[in-house]
Amino acid sequence: FNWCYFTVMKQTSLSIAVVLLYTAPVFVTVLSKYFFQEAITSRKITSLVLTIFGCSLAIQLIPIGNMQIPFISIVLGLLSAFFCGLYSIIGKQVSRHYNFLTTTVYALCMGSIFILPTSQLWEKTEAFQSAEVWLNIGGIVIISTIGAYTLYTFGLTRIESSKAAILGAMEPMIAVLIGVIIFNDNLQF
């Protein structure tokens with residue numbers, strides 16, 4: 001998930017990476033039907049259609065012909081959504097046997113083990129001399145990662161995984177706003 005997500009971000013922009021990532025509820029809803037026998041209701045279908053339509057508009061897939069995003073970025077973005085969605089499926093299954101905090105700790109530890117070899121941190125040792133870098137790392141680790149995953153995993157213990165994924169799709173609106181306001185991403189209408 002992280003590798004695909006950050007690669008899309010590097011190739012395009014934060015906003016496009018986020019929009020593609022939030023097609024994850026589609027994958028979660030389909031997989032939840034098969035793994036947990038969750039009903040695919042008309043509300044879920046409506047939410048998913050609106051999600052896909054909104055994502056298509058946001059990355060200019062609609063109207064056809066206006067898209068200027070590399071095809072590989074779209075594929076990697078959809079893969080990031082699929083892998084992100086797997087957390088809902090696996091997390092829901094595991095939450096039946098373990099506390100949500102245990103699930104979160106193991107998920108984050110395993111994710112760290114797999115992302116370290118591809119991160120090439122050893123090539124950026126000079127960046128770690130800056131207090132600003134450590135402040136950003138702290139924010140990402142504590143707020144965006146530990147906090148977010150802990151709350152989401154707790155939510156999985158209480159509601160259907162497809163509903164959790166659909167509710168989680170509210171995040172892109174905030175992420176796009178942050179991309180525009182803080183990172184000066186350009187939104188074209």
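This short talk goes through the aromatic pairs and the nonpolar cores of the structure above.

Please keep in mind that this is a predicted model, in which local features need pLDDT of at least 70 and side-chain atom pairs count only at pLDDT 80 or more, while totals for chains, interfaces and linings use all residues. Residues are numbered from 1 along each chain as its sequence is written, and side-chain values use heavy atoms, with hydrogens and water left out.

Let me begin with the rings, where the structure holds 8 aromatic pairs, a pair being rings of Phe, Tyr or Trp (its six-membered ring) with centres within 6.5 Å, called stacked if the planes are under 30 degrees apart, edge-to-face if over 60 and tilted for the rest. One of them is Phe1 with Tyr5, which is stacked, at 5.6 Å centre to centre and 15° between the planes. Tyr5 is buried at a relative accessible area of 13%, whereas Phe1 is partly exposed at 25%; here buried means under 20% relative accessible area, exposed over 50% and partly exposed in between, with a 1.4 Å probe and protein chains only. Phe1 and Tyr5 also join Phe6 in one aromatic cluster.

Turning to the cores, by which I mean sets of buried Ala, Val, Leu, Ile, Met, Phe, Trp, Tyr and Cys residues joined through side-chain atoms within 4.5 Å, the largest has 15 residues, and Tyr5 is among those with the most contacts inside it, together with Val8, Val18, Leu20 and Tyr22. Helix 2 gives the largest share of this core, 6 residues. A second, separate core of 5 residues includes Leu31, Phe36, Ile89 and Ala165. Helices here are DSSP runs of H or I, at least four residues long, numbered from the N terminus.

Technical notes: Helix = DSSP H or I, 4+ residues; strand = E, 2+ residues; numbered from the N terminus.
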